[in-house]
Amino acid sequence: MTTMFSYRNMKLPQTIERLPELAYNMWFSWNDDALELFGLINQELWDQFLHNPVRMLAETHPDVWEPLSKDSAFVKQYEKVIRQWDEYSSGTTWFQRTYPEFLHHQIAYFSAEFGFHESLPIYSGGLGVLAGDHCKSASDLGLPLIGIGLLYKKGYFNQKINKEGQQQAEAVSYDFSRLPILPALDDQGQELKVQIQLADRTVQLKIWQVLVGRVSLYLMDADLEENSQWDRDLTAQLYGGNQDIRIAQEILLGMGGVKTLRALGVTTAVYHINEGHAAFQAFERIKEQLDAGLPFHVAVEVIRASSVFTTHTPVPAGHDAFPIPMMEYYCSSLFAKWGEYKQGWTQLGLDASKQLFNMTHLALNTSALRNGVSKLHGQVSRDMFRSFHGNIDASEVPIAHITNGVHMNTWLAPELKKLYSRFLPGTWATNQTNEDIWKQLEIIPAESLWDAHIQLKEKLIRYVRSNLREHRRRNDMPADKVEEVRSYLSAKALTIGFARRFATYKRANLVFNDLERLDRLVNNDDRPVQFLFAGKAHPADIPGQQMIREIYRVSRMDRFRGKIILLENYDMNMARYLVQGVDVWLNNPRRPYEASGTSGQKAAMNGVINFSVLDGWWEEGYDGTNGWSIEGSNGADNEKLARENTESIYRLLEQEIVPLYYNQGKLPVQWVSRMKRSITTLAPVYNTDRMVMDYTNETYIPTLKRTMALVTDQYDLATKVADYKNFIKANWHFVKFLEINDGSGSRSVSSADAIPDISKSTKEVTSTIKFGPIWYKDTVVELLYYEEQPNHQWQQVIVTMNAVKELDNRVVQYSAVVPSHLRHGSHFSLRVRPVSPNFATAFELPLVTTL
Ligand SMILES: *Cc1c(COP(=O)(O)O)cnc(C)c1O
């Protein structure tokens, strides 16, 4: 036995003996009573250890436990938490009630990063927090879901900002025995390891387990003595290193992840990849099928059917792509064994225009169901990947959208949970997607909501001051400069927050475009405004770091001192303070670069009002009454857009936001109604319970059903579908339009002397089509035209043509009835496309013949 010591096995006095069980389950991170419990051990240590309960167990003096086990307040809190935990972990769930027949099929969820809590630093920003929130709601709803990721020895990085405002990436090295993770064990109780072939060698991976409520996440760790130093460093840092490290990391994540699932022996039926980083999972699974004797095209069909892909990147440059020889080098063992399909493998990820192996292409080609993360991002993705699917309208591209959400129990302030519990029906938290429940928020007295909000703002201000003090002490500033921060910020002033990764498209420095105008806003004695900024820039992102320097420089100007503030080391802990404690959440990305954004959703449920560009989720969340929209013309160049957005920001602040906030003295009733409006309209929708239910209903369950149908009876249907596709692809060139009769000399269905009415006057269009070896019933023939909508948008109308006559030689005549003013060529076109009831989506094959 080589099982490592973990504090999970620690012996504690009997009255508090289950503390380790609580410490090793991330459930503590979204249960306010559990968080409070660990704070009761020693509040100072708890804060110093970044709320890491395992460090509390490990580093609390052993003499403390005995008296604590007799401390009635502590034991009472402990028992309360244990009771909740037992209820939580044994209760029946939404998934059990809704899909009892699917309980035994696991859904594997792959992500390069997971953000659960500040105590487990394996995330960099929104993508990771989304993955963490996804797992938490999956646990709450009882989904049979397993997370797969990497364990980074150095995490992402700790951000320090020096006296010049320069970001410094502080390297940290985590002691895994002090994190809320455990070595995963096999049946014999041995530590679980998997091996993966990388280029010319074998890399060993140790598997760690993170318990997330009822869900488990498995993390792979290459930092083992058996591996070379280069290989050990593959899991050193999230998004660190060059292209070689990046592709190797992604191979570990995708292929290693599949091996981990196999080593665990779990029956996995759905493989969901959160962004393209894990797309190599398809390679490993295709290889498994080849090893089991399936032909390549059938293997791809099976893997495709069971994969779900969520894309997050609305710009082509944001997608990982590697030189093809690099991919071939790192996957050489795959090609050594299955080299006969080399072209097939490469084709799966080929970006022909750049001759690169693109992870998003791989993900799209190997996932039957794909989605973007907001309504707008769905559209942008359909536009971006239209060429993948032949000559079709962007609206038909098979990429759907499921809008992101956030985990309410994680992000909603304890103070507000208590308040909502007093006024909303008892089930509000478990029924958070029910809009009717949220309408009752109206009955909360304005004073109560405002008081709770002010408390949260004061808490935030204390936190900010201590963050600044720490920064100044470290930078050796004189004592009076350190103490000066005590006077910074006021709970009475309108407070605006901006915090997120400092990627350039997010334009953190946009409000600094006119410092004079900003000065007038900030330094208005009667109606002051203050700003808080926080965020990390990727260590290789020089312009992002330049933005940090600029914010720092402005914050140090005399006129903005103590009113515009830059905080260092943005993490989930700081995020909670900010999204719960400011008045307004500012978000001004360059549209449409923000796929969704989630921090504004966290703010919204806390009564913080969104002030944002209509990008990502806000484009659908904003209804004209629940926040503000920063305007700018679509399609404008970057500079023009920045000018317009800035102008809109100042104008709205000056004319609407500041006056609304200050118009009523002590209790700003109108402001509070706006807060309520924001909570009632947004909280029931932009949460991960709604999101995970959408994923379940729209992707996981359909994927499960279709996969099961494809693989039963020795892959019978999978083989048929794959063969059918090959046959259609090989013979599609035979499909030809022979003739069209566009029905000139239109017939009117109305009587001859009636007033002509274009909408009622129709005609028949006929066309003859030659099919060659393809059976005409394996296709559909459609007539397409565009119709102007009442909102002046043009929308595609599709009329299915009927086969009316089978002529010789596989030639078939089709007919349709359409408005008589339509002319072929200038108004409408015809198309033939292959169909099958066994396709997952209408445009599975990029084969469309048009006339
Ligand atoms: C929520 C969150 C994000 C995502 O912020 P966006 O506004 O969506 O970019 C990033 N970092 C942390 C620490 C978060 O909590």
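**Exercise 1.** Find which helices each supply at least two residues of the shell around the ligand.

*Solution.* Start with the helices, which are DSSP runs (H or I, at least four residues), numbered from the N terminus. Helix H8 (126–141), helix H25 (572–581) and helix H26 (599–605) each supply at least two shell residues. The model is predicted: local features need pLDDT of at least 70, side-chain atom pairs count only at pLDDT 80 or more, and totals for chains, interfaces and linings use all residues. Residues are numbered from 1 along each chain as its sequence is written, and side-chain values use heavy atoms, with hydrogens and water left out.

Next, take the shell. A residue is near the ligand if one of its heavy atoms lies within 4 Å of it. There are 14 residues around the ligand, and Lys506, Gly597, Thr598, Ser599 and Lys602 come nearest. By type, the shell has five nonpolar, five polar and four charged residues. Here Ala, Val, Leu, Ile, Met, Phe, Trp, Tyr, Cys and Pro count as nonpolar, Asp, Glu, Lys and Arg as charged, and the others, Gly among them, as polar.

**Exercise 2.** List polar contacts of the ligand, and say how much of its area the protein covers.

*Solution.* Look for pairs of N or O atoms within 3.5 Å.
- Arg500: a polar side-chain atom lies 3.2 Å from a ligand oxygen.
- Thr598: a backbone N or O atom lies 2.7 Å from a ligand oxygen.
- Ser599: a polar side-chain atom lies 2.3 Å from a ligand oxygen.

Now the cover. On its own, the ligand has 390 Å² of accessible area (Shrake-Rupley method, 1.4 Å probe). The protein covers 96% of that.

**Exercise 3.** Explain why the ligand lies between two domains.

*Solution.* Domain bounds come from an automatic or database domain assignment. Domain 2 (105–157 + 168–401) and domain 3 (453–686) both give residues to the shell, so the ligand lies between them. Their centres, taken over C-alpha atoms, are 34 Å apart. About 1700 Å² is buried between domain 2 and domain 3 (accessible area, 1.4 Å probe, lost on being put together, summed over both). Carbon and sulfur atoms give 64% of this area. Glu118, Phe157 and Leu376 supply 31% of what domain 2 buries against domain 3, more than any other three residues.

**Exercise 4.** Locate the cis peptide bond from Arg591 to Pro592.

*Solution.* Most peptide bonds are trans. The bond from Arg591 to Pro592 is cis, with omega near 0°. Pro592 sits in the loop between strand S19 (584–587; strands are E runs of at least two residues) and H26.

Technical notes
Polar contact = N/O pair within 3.5 Å; in protein donor to acceptor, adjacent residues only side chain to side chain. Buried area = accessible area lost by both parts, 1.4 Å probe.
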